[in-house]
Every structure is written in structure tokens, then in C-alpha cells.
Amino acid sequence: MIASEWLYVMDDRNGNSNSGLHRVGQVPGAEISAMKKLLNRLLAFRGPMLIGIALTGFAFAVLLPGFQLAGRLDDTTAALRLVSEQRRQADVVAAALGALRDRLDSFGYVDEPLNEVRNSMAELDSLERTLNAATDLGGRFAVSASRPIRSSPELAADLVTFQATWQRLRLGLVPVVAFQGVPYADSEASGVQLNEGGRLLVQESRKAIVVARRDGAQMSAALGQIAAALEAQSTQLSAFLRLLMLVAFGGTLAVGASLTYYALARRRQALLLAEARLQTEGILQTVKEGLFLLDSKGHIGAAHSASMRRLFKRDPVAGLSLQELLAPIVPDRTLRTALRFVEILWSERTKENLVRSINPLQEVEVSFETGSGGQETRWLEFDFHRVRNDGKLSNLLVSVNDVTPRVRLGRELAELREKAQSQVDTLLGVLQVNPEQLRSFLADADTAMRMINAMLREPAKEEASLRGKLEAIFRQMHGIKGEASALGLTTVQSRAHEFEDALKALREQSSVSGGDFLTLAVRLDDLFSHLESLGDLVERFAQPVQAAAAPGDTGRGLFIVGAPRAVVDPGRAASGLIDTLDQLLQRVAGDRGKSARLVTNGLEVVPEPYRRAVKDIAVQAIRNSVVHGIEIPELRRIGGKAAAGTLTVQFCDEGAAGYRLIIEDDGAGLSLRRIREAAVERGILCAEDAARLDSKQLLPLLFRAGFSTHAVADEDAGRGVGMSLVAEIVKDLNGRLGISSGEGRYTRLSVVLPSLQRVQSVAVA
Amino acid sequence: MVMPPATLKLMIVDDSNIIRRRIERSQQIDSLDFIGSAANGVEALELFETTDPDVVTMDLTMPEMDGVECVERLVARKPSIRILVISALADKATAVEAIARGANGFLCKPFTDRQLNDALAELLQDG
């Protein structure tokens, strides 16, 4: 598959399924392209997915523990702050108790220190409750000082110690703070003295001082331990958090880096694609070939070469189906075959390499309508290649070339070859012809051609005169053809026949105008130049040999151009004429599977002025005889005749009565039935008239222009011109013409030409 | 145990005795085993029934039943059959039709021995 080496098609993920050609250019190798494909896939699908997974993992692995750590740190800090604040309460209690004792000693005001003790007790109670709280009232988001303690056995043990010492201290303090009122009694007699309550207060406060000194210190120590442990925990948590942040930083860097890489890779690929698109575009813009992709529905893809518009003379091309592209320019049958051919290329059964030769568009003739209503013909060469994507048939790559110059050149070559061949044929024909005959033919043909040319030039406007001209030209041409045929000059004969065809077509037109004759002039020119080249050929071959030729040599062959016409010796002229007639007879008879022999008498006495006329008449009459008269050998045998027919040409001088030319054959004779039928067919007579007329009235029809009993014209008969030409010649010479026939026995044409003395005397008169 | 090489049975269909013998003698594909020839579509179908060929060379213009119809019938009976149409290129439409009905390839008459063997080798290739 040629296409895959330099052009491959990728899915367009943007949904534009037709913008197929993405990458044109050399792909270094299958492996690299496979790797690239893999990378593309990875980037296209797994890249974003991997990054998503990484981000989620990162959140779970780093952010969530970080969040928890932060919470724990918060809790620890809260607990630490609380414990640190309340650590001094033991000292506050001790100081307050001291102040109480002092106040009692000096009968001072005791409410203040008592209240301080009460406050401290409340604080410490609250501390104990807080640190001991079993539930997290605010949920996970609220700060809880008890949480770090509950979660650490060591701290729990310290808390127990704190609680124990605090309860002991508390027991000592309760009697003190239970005191209400004033501890003093003021009397005139004894002045200010402690009352009973006062004394009790002094006792209790002394006990409490002892307890506070002992248990207060222990309690402080316990709180100190808790604080230290919390501090250590806090430090640890901070370290953890820092580590986590470091990991988070690393993770973020990694994710960021891969995102950047991904983006860069995407961008690089986009650039590569863009570049490839540009290259593709460049190629498609400049390539001379028409290039396009067909999809499985037979539509042309968006990426096609710009020359498509030029080749198919339409725009836009993309999106058209192959059928729409071809229908206006190729015949239906070709279109059908082409579509069927494309169909078989889509079938995996078909071996691509084994069907190239039956591509119906291999060299197809297309025609475009030109603006001026004409047609322009060109030849296009289509080539189809399968395009596979991952082993699956995805498109057909079609290339189109304009091969018009090649085809035209080929045709010209063929024409040249044909021309060369025809020259060889002509030459061979010439070599067979008697030099006298050839010379006289060329001279006669030249005269006839000049006459035709003169007739063509002669101005004529009316239909009737144009038609008359047509008939006259026809007879002249028919004469040339007859003689060429007699000499076996087939190249001249066929050209003359073609000219006659053209004339006949004109004759059959309902109206004829002067312009119609233009085409004739062109054909005439062709025949002219052919005759000229024949003359040249004759000259060239004659010159060198002529010198060596012995005078009077009458042999056939190369010795052609001899003495001027005026000194032709009558004997030689007669033998030339006899040869011509015999050759014609043998050729026409041979062509039709008939056999005949020529008997002549008196031809040597034909006077020079009548020689041409006698020859023309005899040529036409002999052709007629062979075609219509003489039967094929089988029929002749059945009829009891000799297999070969006999054709007699007789010429005699009858003195003052003139000359008589009789041409007779021993053939089938004239069939009045056929003549009647032909006359009716050609619209010359109606059926009743035809049936009524007798032979004397019917036979003159034979000399009428255009009358023939043959339905199809060939080179020897059927145009109905031969006998009318005879009649014309005889009329021109003021002669008389008669025809007689015995059915199944003979046909005799009899011509009387006036004596030359009479002709001359008429001319003098 | 050595497996014998897989042989494919070849049937030649052509109304010309000369062409039939020419193809039979000229083909040099080792894996092809000539099993018989037929002079027209009807004979080809009969021979198919008795010999079950795998590969067929098929002329298009034949008396009784032409190549296009014969291709269609053979493919209907044995979808895996491989058919090489061998015919003169007078009418591309008919050749295209034969491929459309299931033949796998086309070889133009006249052909050289090399062209015949190349075409058969291509025909036998997978995919």
C-alpha cells in the first residue's frame, strides 16, 4: 500500500470526521510511529486521569492528616494554655491562706482572701472538669483540651495524680471557705477579739496551710508534668506538621511539574500537528495531481489537493460524492462501472493488486461544457489506493492525472504510423501500376480536381444551382474513384469514397447553403495533397531510372514519367486502356467472389479526343456489369453458363455515322422488377406508375442521377452515380446512349459518338 | 511428526482447451494441486461438487453458464474459495461485475508465465 508510507490518517477528535489528512511527510519508521502513537494515547487519555488520581491521593495522603494534625495541635495548645494558667492556683491558694492568717492575726478584713481561695477552688474544679471531660461537645472542629489527655495514657496518669492531690487539697480548703460572716467580736470590755467562728477559722486555716503546703506542691508538680508532656506533644505535632508540609510541598511540586509537562507535551503535539497540517496543506496546494480521500460512504474528504478544482472545473469539491463528481463528465455506463469498481475496493475479498487492470477510470475520456456551449474533451487517469488505519480499511486515496497530452500524442503517433503505412501502400500500389496508366490517371485526376475546385469557387446562391453544382462535383469525383479503383490505388479510392460520402450527406440535406461546401473544400484539399504526394513519389522513383530506361520500353514498373501526352502512340494507349479495364474487372470481380474475362475489340482505333470518354464510360459500365450483371460462379453453373463471365468491349468507326462503343456482359440481365421496386423506394415513381411502365420507359431510369438498385453503397456500386455519369459524358459529346437486356442472358450498353469531322464542322460553323 | 505442507486444490475453468492446458502447465505454486478443469460454468459446478476445490481460475465468456454467474454460485457454496478471473480485457464492466460477485482478482489474457504465477501467489496471500 503506497499511501501508508507517506500519508496516514488520524481520527479527528474534534468531531470533524472529514478533515482526514493530518500528517504528510516521511515518518522515520514503523517503531517510532508506534511509540508516538502510544505516547499520544497516553497523553490523550491517561494523562488527565493520572493527574486526577495523583491529586486525590495527595489530598488523602497529605492534606487530611495535616488537617487532623492541625486539630490535635490546636487541642494540645488549648490544654497546655489551660494547664499553664491554672498551675499557679496552688500558689494563689497558699498566698490567700497566708493572707487570711495574717488578717486574722491583725483582725483584718478576711473576705478578700477567702474569696480568692474560693475563686481558685472554682478554677481548679473547672480545670479538673475540663481535663476530664469525656465528650467532645463541639465535634471534631471544636477545640477540646481533654482530647490530648484522653488519647495519651501518660497524660491520663498525670491527670489522676493531679485529681488526687487536688481532692486532698480541696478537702482541707472546704472548712475554710465554709466560713461565713465576721470572725471578730467587738466588745467594750475586751476590745476586738476573735469570736467562736473566728477561732475555728484560725484553726482550719492553719490546717489548710499545712495541707496546701504539702498537697499544693504535689498538685503543682502534677500540673507541671502535664504541661511538660503537652509541650512535648505539641513539639512533636509541630514537627510532624512541618514534615507533612514538606511532603505537601514536594507533592505540589511534582503535580505542578507533571501538569506543566502534560501541557507542554500537548502543546508540542499541537504544534507538530499544526506543522504537519501546514505541510499537508502546502503539498495539497502545489501538487499537480488531483488527490483526495473517499470515505466508506463514497464522499470526498475535506483535505484534497487544490488542483481538483482545476481538473474537474468545480468548486467546492469536498463533500461531493464520487458519483456527483463524475456524473456530468463521463457517460452513464462508465459511471456505473466506476462506482461498482470502487465498491469492490472496499471488499476485503478483493486483492487490490489484482484488480488494477480493470480500473474503468484508468484512462477515461471526460467532456466539460465550455462557457460558449461547446464541449471540451480531456483524458483523466484515476488511480485508487486503499488506506488502512490500524489494519482496518478506512479510506480510499484517489489520485487523478490529466493525461490529455499523452493520449493526444499517442493518437498522433498512431495517425503518423497509419499515414506512413498508407504511403507504403501507395508506393506498393504505384509500383504495380503500368506507368502509362498512372501518368494518364494523375493527369486526368488533376484536371478533375481543378474542375471541382473551380466549381466550388464559382459563386452560387440559389438552392437549385447549388444542387446542380453538387451533382457535377459528384460525377467528377466518381470518375476519379472509378479510375483509381481500376488501377488498384486504394488510398486514392478510399479518399474519393469518403469525399463522396460527404457529398451524399449534403445531397440528402433538406436545404443546402454555400457554407456547407466549406467542409468539402477541406476534404478536397486532403485528396489534392494526397495526389500531389503520389506525383512526388512517382517523380522520385522515376528520375534515376528513367535515364537508364531504354526508349520504347513498355514494361511495367518504375519507368513512369515518359513522353509528353501528345505523342502517345495509339497502340500503347490502347494497351494501357485494356490493362486498366482488365485490372478493374479482375479486382471488382475478385472482391465479389465472381470470375470474369475481358474481350476487347477495336480499342486501338479510338481517336485521341474520345479516349478519355471511352475510358470513363467503359470503367463505369464494367463496374456496373460485374456488380449487377455477372452472377457468382455457382449461379452461372446452375444456369448452364461458364463459371467465368465474359465482358466484351467493342469500338468501331462507322464513318459518317460516327463511332459505336458497345459494352456487353453475359450476366443476369436487367431485372425490371428490381428497377420498379427501386424507383418506388426512391420516390421516383408511385407503385401504380411503376407497374404500368414497360421496359423502354423504365430503362432510362438507370441513367438518372442517384438511382441505384443497391440499398447500401460501397466503393463500386450503390450511389446511383455511375450510369448517370455515363449519360452525362455522352450528352456532353452530343452522343446517343442505349441499353438493352435479355433477362438471364445479357446486358448491352450501346453508345454512339458523333464522327469527328462532323464535330469539327459543327465547331467551325 | 512432520505435518505435510497444506495443499490447496486448483480447478481451471476455461472454454479453450489450449488455455486450460497452458494454465495447468505454467502454474508453479508448490501449494497448489491441480485437480481438474471445466469448459464452462455448468461443468465447473459439477466438478466442484465432486472435488471441492479451494482455488479457481475462471474465464468469463463461456457457453452454457458464463463466468460471472459461476463465480457467484461457487462463492455461495464455499465462501472461503479464492477465484482468479482470467479473461481478455474487452469489457471492463463484466470483469468488475465478476469481482463484485466475489472473485478475488483479475488477470488479463494474454499473460506470461510469470504474470500467472505472480497473480496466483498474490491470490493465495492472506489478508
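**Exercise 1. Work out how helices H13 and H14 of chain A pack.**

Start with the axes: those of helix H13 (residues 463-487) of chain A and helix H14 (residues 490-507) of chain A come within 9 Å and cross at roughly 160 degrees. Axes here are lines fitted to C-alpha atoms, for helices over the stretch in contact, with angles from 0 to 180 degrees between N-to-C directions. Next, turn the angle into a word: H13(A) is roughly antiparallel to H14(A), because angles over 145 degrees count that way.

Before going on, note that this is a predicted model, where local features need pLDDT of at least 70, side-chain atom pairs count only at pLDDT 80 or more, and totals for chains, interfaces and linings use all residues. Residues are numbered from 1 along each chain as its sequence is written, and chains are lettered from A and ligands numbered from 1 in the order in which they are written. Helices (H or I, at least four residues) and strands (E, at least two) are DSSP runs, numbered from the N terminus.

Now the handedness: H13(A) passes H14(A) in a left-handed crossing (the near helix is turned anticlockwise from the far one by less than a right angle). Finally, look at who meets whom. Among the residues in contact (C-beta atoms, placed from the backbone, within 7 Å) are Leu470(A), Ile473(A) and Phe474(A) from H13(A), and Leu503(A), Leu506(A) and Arg507(A) from H14(A). The residues of this contact divide into eleven nonpolar, four polar and three charged. Ala, Val, Leu, Ile, Met, Phe, Trp, Tyr, Cys and Pro count as nonpolar, Asp, Glu, Lys and Arg as charged, and the others, Gly among them, as polar.

**Exercise 2. Trace the sheet E5-E8-E7-E6 of chain A.**

First, the layout: this is an open sheet of four strands with antiparallel pairing (two strands pair if DSSP finds at least two bridges between them). Then find the edges: strand E5 (290-294) and strand E6 (364-369) of chain A each pair on one side only. Neighbouring strands are turned by 35 degrees against each other on average, direction ignored.

Zoom in on one pair: E6(A) and strand E7 (residues 375-389) of chain A share six bridges, and Phe368(A) has Glu376(A) in E7(A) as its bridge partner. Last step, the covering helix: H10 (residues 332-346) of chain A lies across E5, E6, E7 and E8, running at about 145 degrees to E8(A).

**Exercise 3. Follow strand E10 of chain A to its partners.**

On one hand, strand E9 (residues 596-601) pairs with strand E10 (residues 645-653) in the parallel sense over six bridges; Val599(A) has Thr648(A) as its partner there. On the other, E10(A) and strand E11 (residues 659-665) pair in the antiparallel sense over seven bridges, with Phe651(A) bridged to Leu661(A). The hairpin of E10(A) and E11(A) has five residues between the strands, and Gly655(A) takes a positive phi near 70 degrees.

**Exercise 4. Describe the fold of chain B.**

Count first: chain B has five helices and five strands, following the pattern β-α-β-α-β-α-β-α-β-α along the sequence. Now order the strands: they form an open sheet, E2-E1-E3-E4-E5, with parallel pairing. The edge strands are E2 (32-38) and E5 (105-109) of chain B. Pick out a pair: strand E4 (residues 82-88) and E5(B) are joined by five bridges, and Ser87(B) stands opposite Cys108(B). To finish, helix H5 (residues 113-124) of chain B runs at about 175 degrees to E5(B).

Key. Parallel < 35°, antiparallel > 145°, perpendicular 65-115°, else oblique. Contact = placed C-beta atoms within 7 Å.
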